[in-house]
Amino acid sequence: MLATEQSETREIFLHQKRQADTRRRAMVLPLAAPEWRLNLSPATLAITEDHFLVATTSGSAAVYQPIWFDFQARRFPRKRTWRQLTVAESLQLVPSHVAAAYRIQVGSEHWALYRSLRRSGDAGVTPRTFMGKHLLADFFAARFHPSDGGMEELVTVDAEP
């Protein structure tokens, strides 16, 4: 696969290695980094000279760097955006080294992701909130419906077995 970066945003497109086939095969979004290249970020997604994708990040305590791969070619030409969301616990903001949530939009399709960064031995599991969704999960992915604010659950990984 060959990879090409967009000039103003942090999206990367993957292509077949064959010269005759220039169609895009995947779109890659580094969710932990801001969409626009002009914004500074501790998270990066870059292409090496030998066409490898390399993700790097820095932080304290715990870090989470989700990378979104979209393989639906029909979505590639559509406008897209992503944002890190606010996560709260007991009416207090939660720092990103404790939990993180993201919203992805491609055209009229929307998704939401949440990840708790609990360490083994952390005391108790308490509910957290993002975009009006209350949950106890370690990981949650959903299709978001902006018309009514509903979330169609795709994957949930529970905090406790």
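Let me begin with accessibility: a residue is called buried under 20% relative accessible area, exposed over 50%, and partly exposed in between, with a 1.4 Å probe and protein chains only. At 22% relative accessibility, Glu 89 therefore counts as partly exposed, and I will come back to that residue.

What you see above is a predicted model, in which local features need pLDDT of at least 70 and side-chain atom pairs count only at pLDDT 80 or more, while totals for chains, interfaces and linings use all residues. Residues are numbered from 1 along each chain as its sequence is written, and side-chain values use heavy atoms, with hydrogens and water left out.

First, the chain as a whole. Its secondary structure comes to zero helices and 15 strands, where helices (H or I, at least four residues) and strands (E, at least two) are DSSP runs numbered from the N terminus. The C-alpha trace spans about 55 × 35 × 35 Å along its principal axes, and of the 161 residues, 36% count as buried. If contact is taken as heavy atoms within 4.5 Å, then residues 24 or more positions apart account for 45% of the contacts with a separation of 6 or more.

Now to the sheets, for which two strands pair if DSSP finds at least two bridges between them. One open sheet has four strands in the order β1-β2-β3-β6, with antiparallel pairing. Strands β1 (2-5) and β6 (67-70) stand at its edges with a single partner strand each, so one side of each is left without a neighbour in the sheet. Neighbouring strands here are turned by 25° against each other on average, direction ignored; for such angles, axes are lines fitted to C-alpha atoms, for helices over the stretch in contact, and the angles run from 0 to 180 degrees between N-to-C directions. Within this sheet, strand β2 (residues 12-15) and strand β3 (residues 24-30) run antiparallel and are joined by four bridges, with Leu 14 standing opposite Ala 26 in β3.

Another open sheet is formed by five strands, in the order β7-β10-β11-β14-β15, and its pairing is also antiparallel. Its edge strands, β7 (80-85) and β15 (150-157), each pair on one side only, and the twist from one strand to the next averages 15°. Six bridges hold the antiparallel pairing of strand β11 (residues 109-116) with strand β14 (residues 139-145), where Trp 111 is found opposite Arg 143 in β14. Strand β14 in turn pairs with β15 over seven bridges, again in the antiparallel sense, and Phe 140 stands opposite Thr 156 in β15. The hairpin of β14 and β15 has four residues between the strands, and Gly 149 in that hairpin takes a positive phi near 75°.

Which side chain of opposite charge is nearest to Arg 103? Arg 103, which lies in strand β10 (residues 99-106), is buried yet has no salt bridge, and the nearest side chain of opposite charge is that of Glu 35, 7.5 Å away. For that statement, Lys and Arg count as positive and Asp and Glu as negative, while His and the chain ends are not counted; a salt bridge is a side-chain nitrogen of Lys or Arg within 4 Å of a carboxyl oxygen of Asp or Glu. The side chain of Arg 103 does have a polar contact of 3.2 Å with the side chain of Gln 105, a polar contact being a pair of N or O atoms within 3.5 Å in which, within protein, one must be able to donate a hydrogen and the other to accept it, and residues adjacent in sequence count only if both atoms are side-chain atoms. Beyond its neighbours within four places in sequence, Arg 103 is in contact with residues including Trp 82, Trp 111 and Met 131.

Met 131 itself is found in the loop between β12 (128-130) and β13 (133-135), and its phi is near 50°, a positive value in a residue other than glycine.

Finally, back to Glu 89, in strand β8 (residues 88-89). Its side chain makes a polar contact of 2.6 Å with the side chain of Arg 128, and the side chain of Arg 128 is also joined to that of Ser 116 by a polar contact of 3.1 Å. Ser 116 lies in strand β11 and, at 1% relative accessibility, counts as buried.
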